[in-house]
Amino acid sequence: MSDAPVIHGSTKQQRYESLVAALYQDVYRYAFWICKNQHLAEDLVQETFLRAWRSLESLQNDKAAKAWLFTILRRENARLYERYRPELVDIEGQTLAEKGEHEPDTQMDRELLHNAINRLDSDYRDPLLLQVIGGFSGKEIAKILDLNNNTVMTRLFRARSKLKQDFGVDADEVAE
Amino acid sequence: MDKEEFQQRVYSNPGDPGEEVLAAARENPDLKKILDEAQNMEAEMQAIVSSVVVPEGLHNKLLDIAANESAETDGEAAPNVVALPSPTANFFQYYAMAACLLLAIGVTFTLTFDPGPSEPELAMGNEVIRHIYMESSELALLEADDRDTDVSWQEVDLIMSNAGVQFASTARQDSALFYANPCIVIPDYASAHLMVEGNRGAINVFVIQNSPVSNEFQIRDERFDGLVVPMEQGNLVLVGEDGEDLERAKNLFTENLEWVI
């Protein structure tokens with residue numbers, strides 16, 4: 001992940017606005033993938049940024065803003081939805097843009113991969129999404145998920161192996 | 001580096017596998033194939049996650065959070081002019097202040113400590129939405145442009161009375177009610193399914209004769225927005241298309257329904 005700070009400005013308002021501008025899209029995309037519902041994801045992002053605003057002074061290292069926000073989001077998701085999650089219809093693929101702009105084969109492959117990601121056990125999907133959406137390093141993911149670095153790297157390896165398998169090309173097959 | 005280790009390192013981070021991995025791939029076509037495959041899949045994954053559409057207006061809503069919070073904080077910081085008690089203030093003045101303080105704490109706690117709907121209450125909300133999807137004839141009616149608004153009030157009265165309610169005759173004209181059907185949303189509990197015109201299409205109104213929920217709460221899925229409103233002897237559930245203003249319908253029914261069990 002880039003080490004460039006995303007927060008600029010001297011006032012709390014300016015710092016918050018730069019934080020929103022730089023990160024709200026990634027935060028929403030991550031929220032969407034863990035909620036699988038656009039309304040819940042939107043609520044979750046708003047709740048996350050509300051918490052962020054209220055405790056912006058506690059963010060000591062501006063370079064860690066993204067990991068900080070993702071951590072808040074995961075906690076809010078657990079607090080708000082994991083306990084009493086309504087049984088919502090999974091809107092798999094329905095809010096993905098540019099659906100009709102690809103060749104049919106590409107579109108089909110993407111849908112297969114998309115479904116394969118959704119089918120992953122959360123132990124594997126969580127670190128994978130943090131790496132792909134958040135661009136976090138193994139150490140950062142370990143901190144967010146409260147795991148050790150080796151466990152994270154193993155889970156990332158297994159997640160991609162599983163995807164490769166589900167996606168139709170076995171990793172071992174490729175190597176041989 | 002053997003194949004197993006190579007694969008492990010590539011699959012752990014295909015975007016940045018490290019110089020050692022890249023060097024091994026340059027020397028061995030089989031390893032290069034693994035790397036290429038993994039990086040292609042990574043590019044596909046990036047494309048998939050990036051294609052999630054971020055809702056329009058979300059950016060502004062997030063900026064509004066700061067504005068609203070600042071306004072609230074400013075309000076709190078406004079100087080309160082409080083008359084200091086005179087040196088001769090008696091015991092009862094202090095007693096009254098303490099009582100007020102306790103009352104304020106109690107009210108604040110009540111207002112802020114909202115545990116939200118319980119799991120069974122949420123399940124009931126979900127069941128209502130599921131019922132709408134399940135009843136294909138009602139769903140078709142919901143989507144029809146040419147709804148027959150000629151509803152028989154005699155029949156509506158019967159359906160409502162079976163659900164334990166009576167609708168005030170004075171409000172019939174304004175109700176825009178065009179559908180009524182007895183239905184079983186929750187087994188063993190009598191209920192009525194009505195439809196009235198809303199701003200974004202039909203609003204489904206369910207009167208269910210079951211235990212009232214503890215507090216009013218919202219329900220929704222990717223298509224519908226709804227409200228579960230506790231009433232005297234049961235619940236009123238209103239479900240409209242996403243973004244529907246349900247307040248008018250809520251007021252219409254809460255003010256004009258009478259329980260006649």
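How many bridges pair S6(B) with S7(B), and in which sense do the two strands run? I would like to start there, and before answering I should say that what we are looking at is a predicted model. S6(B) and S7(B) are paired by seven bridges, in the antiparallel sense, and the connection from S6(B) to S7(B) is a hairpin of four residues. If you want a residue to anchor this pairing on the screen, take Val228(B), which stands opposite Val237(B) in S7(B).

Let me now widen the view to the sheet that these strands belong to. In chain B there is an open sheet of six strands, paired in the antiparallel sense, and its order is S2-S3-S4-S7-S6-S5. The edges are formed by strand S2, residues 177–183, and strand S5, residues 217–220, each of which pairs on one side only. On average, and ignoring direction, neighbouring strands of this sheet are turned by 20° against each other. Helix H8 of chain B, residues 153–162, packs on the sheet, where H8(B) touches S2, S3 and strand S4 (201–208) of chain B, and the direction of H8(B) makes about 40° with that of S2(B).

Returning to the pairings one by one, S5(B) is joined to strand S6, residues 224–230 of chain B, by four bridges, and these two strands run antiparallel. Within that pairing, Phe217(B) stands opposite Val228(B) in S6(B), and Val228(B) is the residue that also faces Val237(B) in S7(B). On the other side, S7(B) pairs with S4(B) over five bridges, again in the antiparallel sense, and there Asn204(B) has Val239(B) of S7(B) as its bridge partner. Strand S7 itself, residues 235–241 of chain B, is mostly covered, with six of its seven residues buried.

One residue in this sheet deserves a pause, namely Leu194(B), which sits in strand S3, residues 191–198 of chain B. Is Leu194(B) buried or exposed? Leu194(B) is buried, because 26 other C-beta atoms lie within 10 Å, where the threshold for calling a residue buried is 20 or more. Leaving aside residues up to four places away in sequence, Leu194(B) touches Leu177(B), Tyr179(B), Ala180(B) and Val205(B). Of the pair Leu194(B) and Ala180(B), one can say that they are 14 residues apart in sequence and yet 4.3 Å apart in space, C-alpha to C-alpha.

For chain B as a whole, the secondary structure comes to nine helices and eight strands, and buried residues make up 28% of its 261 residues. Among its contacts between residues at least 6 apart in sequence, 52% join residues at least 24 apart.

Let me turn to chain A and to helix packing. H1(A) and H2(A) pack with their axes 9 Å apart, at an angle of about 140°, and their crossing is right-handed. The residues that meet include Tyr16(A), Val20(A) and Phe32(A) from H1(A), and Leu44(A), Phe49(A) and Trp53(A) from H2(A). By class, this contact divides into 16 nonpolar, two polar and no charged residues.

A second pair is H5(A) and helix H6 of chain A, residues 138–145, whose axes come within 10 Å and cross at roughly 130°. The two helices are therefore oblique to each other, and H5(A) passes H6(A) in a right-handed crossing. Asp126(A), Pro127(A), Leu130(A) and Gln131(A) of H5(A) make the contact with Ile141(A), Ile144(A) and Leu145(A) of H6(A), which gives five nonpolar, one polar and one charged residues.

In the loop between H6 and H7 of chain A we find Asp146(A), a residue other than glycine with a positive phi, near 60°. Asp146(A) counts as exposed because it has 8 C-beta neighbours inside 10 Å, the limit for that class being 12 or fewer.

I will finish with the contact between the chains, which takes 47 residues from chain A and 40 residues from chain B. Several helices of chain A each supply at least two residues to the side that touches chain B, among them H1(A), H2(A) and H5(A), and H1(A) gives the most, with 10 residues. By class, that side of chain A has 29 nonpolar, nine polar and nine charged residues.

Notes. Residues numbered from 1 in each chain as written. Chains lettered and ligands numbered in written order. Predicted model: local features only at pLDDT ≥ 70, side-chain atom pairs only at ≥ 80, totals over all residues. Contact = placed C-beta atoms within 7 Å. Nonpolar A, V, L, I, M, F, W, Y, C, P; charged D, E, K, R; others polar. Pairing = 2+ DSSP bridges. Axes fitted to C-alpha atoms, helices over the stretch in contact; angles between N-to-C directions. Parallel < 35°, antiparallel > 145°, perpendicular 65-115°, else oblique. Left-handed = near helix turned anticlockwise from the far one by under 90°.
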